[in-house]
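Okay, thanks for having me, everyone. I'll put the structure up and then talk through a few bits of it.

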Amino acid sequence: MALEKRELGSSGIKVTVVGLGTWQFSDAWGVKDYATAKKIITKALEAGINFIDTAIVYGQGLSEEFVGRAIKELGAREHFVIATKIPGEFLAYGDVFKATRRSLRRLGVDSIDLMQVHWPPAWHNIPTCEYMRALEKLVNLGLIKAIGVSNFAPELLDSARACLAREDVVSNQVRYNLVERDAEKEIIPYAEAEGLSIIAWSPLAKGVLTGKYTPDNLPAFTDVRQNDPLFHPENFNAIYNTLVKKLLEVSRKYGKTPAQVALKWLIQASDTVIVIPGAKNEKQVEDNAVAGENWYLSIEDWLTLEEASRNLRISRVTW
Ligand SMILES: NC(=O)c1ccc[n+]([C@@H]2O[C@H](COP(=O)([O-])OP(=O)(O)OC[C@H]3O[C@@H](n4cnc5c(N)ncnc54)[C@H](OP(=O)(O)O)[C@@H]3O)[C@@H](O)[C@H]2O)c1
């Protein structure tokens, strides 16, 4: 079944509402063999997903290499919209060019569809217009097609957009899932008012919303989740009892998995939203893609989950 598509800002680039996140191809998540990565990307292609998100920092180039190699071997360059990101460390004018050339080489492409600023240069004192103008130059040179940001507050995003002469920022990639909804306060309303896309990262709350982890079955994670507040017992128990149980109930009603319902909830929350769940195997990609198909939660069920998550407060002060 075809997946719903949404335009990235007003770029003319249309992506499936469910993309594929590839931070998984790194030490952080542990998928470090190319064969598994290729299977995951092949399954994304077969399931109709056309949007892949990677970043320079994921496995220090490993994720970009795997994505580029698989897309080339599959002959699928025309099918996929490729998004990558420059870290906040590499935003000095010359570094933006140097980093992009290396990304192009690792991805094995002539042009990157969406280049995002991964996070603001918080402690490097680089003026906003310095890196935004460098990105606009990359568009003029044809090396990237569109400019996005990630983890930007509206005030900074406004300043960043004001630096651009002809281009506009098309998207802001931010943390957004049924547990962590802070983006709804200012970031999503700004995107809705300005016609930008929201690319939701960790849309499954790093696996919490798949329903497969319970207070009695919390593996001793050896990955990026080791110290994540989501899995701290005080937070996890509250999330499980108030939200995950409801999610299990609603998903049974629709004959869907909790992951599919959790993703669909975000897609229905705002028409600016595109979700990019990460996957560690083919089955997970296949499962997640279904969230982009043509079925919807009723308003009552959407509201049930809204209410279950609205008063959930997780604390990040875990030590
Ligand atoms: N811009 C940023 O600053 C930023 C930050 C973080 C992430 N991202 C991007 O967002 C993407 C997604 O975020 P994320 O990887 O942090 O978290 P996520 O998508 O919320 O969770 C991914 C994890 O959930 C589990 N999972 C996924 N689909 C599943 C399914 N259908 N059934 C059961 N388990 C499933 C897998 O881990 P297990 O099987 O081990 O449980 C998987 O590694 C990343 O890959 C990356 O591209 C961007």
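**The disulfide, a strand pair and some helix packing**

So, C129 is partly exposed, with a relative accessible area of 26%. Keep in mind as I go that this is a predicted model. What about the cysteine C129 is bonded to, buried or exposed? That partner is C163, and C163 is buried, at a relative accessible area of 5%. The cut-off for buried is under 20%, so the 5% of C163 falls under that cut-off, while the 26% of C129 sits in the range between buried and exposed.

The two sulfur atoms are 2.0 Å apart, and that's the one disulfide the structure holds. For the torsion people: the angle about the S-S bond is -80°, a left-handed link. Where do the two ends sit in the chain? C129 belongs to helix α4, residues 128–140, and C163 is in the loop between α5 (154–162) and β8 (169–175). The cysteines are 34 residues apart, and the pair links distant parts of the chain.

Since β8 just came up, let's stay there. β8 runs parallel to β9, with five bridges joining the two strands. One pairing to click on is Q173, which stands opposite I199 in β9. As for β9 itself, residues 197–201, four of its five residues are buried, so the strand is largely enclosed by the rest of the structure.

Right, helices. Two packed helices are described by the angle between their axes and the distance between the axes.

How do α7 and α10 run relative to each other? Their axes cross at roughly 170° and come within 9 Å, with α7 covering residues 233–254 and α10 covering 299–310. The cut-off for roughly antiparallel is over 145 degrees, so this pair qualifies. On the α7 side you've got T242, L243, K246, L247, V250, K253 and Y254, and they meet D301, T304, L305, A308 and S309 in α10. By class, that contact has six nonpolar, three polar and three charged residues.

Now bring in α8, residues 258–269, which packs with α10 at about 100°, the axes 11 Å apart. That makes α8 roughly perpendicular to α10. V261, W265, Q268 and A269 of α8 make the contact with W302, L305 and E306 of α10. The class count here is five nonpolar, one polar and one charged. If you want one residue to highlight, try L305: it's in the α10 list for α7 and in the α10 list for α8.

That's my tour, happy to rotate things.

Technical notes. Residues numbered from 1 in each chain as written. Predicted model: local features only at pLDDT ≥ 70, side-chain atom pairs only at ≥ 80, totals over all residues. Heavy atoms only, no water. Axes fitted to C-alpha atoms, helices over the stretch in contact; angles between N-to-C directions. Parallel < 35°, antiparallel > 145°, perpendicular 65-115°, else oblique. Contact = heavy atoms within 4.5 Å. Nonpolar A, V, L, I, M, F, W, Y, C, P; charged D, E, K, R; others polar. Disulfide = S-S within 2.5 Å. Buried < 20%, exposed > 50% of the residue type's maximum accessible area, 1.4 Å probe, protein only. Pairing = 2+ DSSP bridges.
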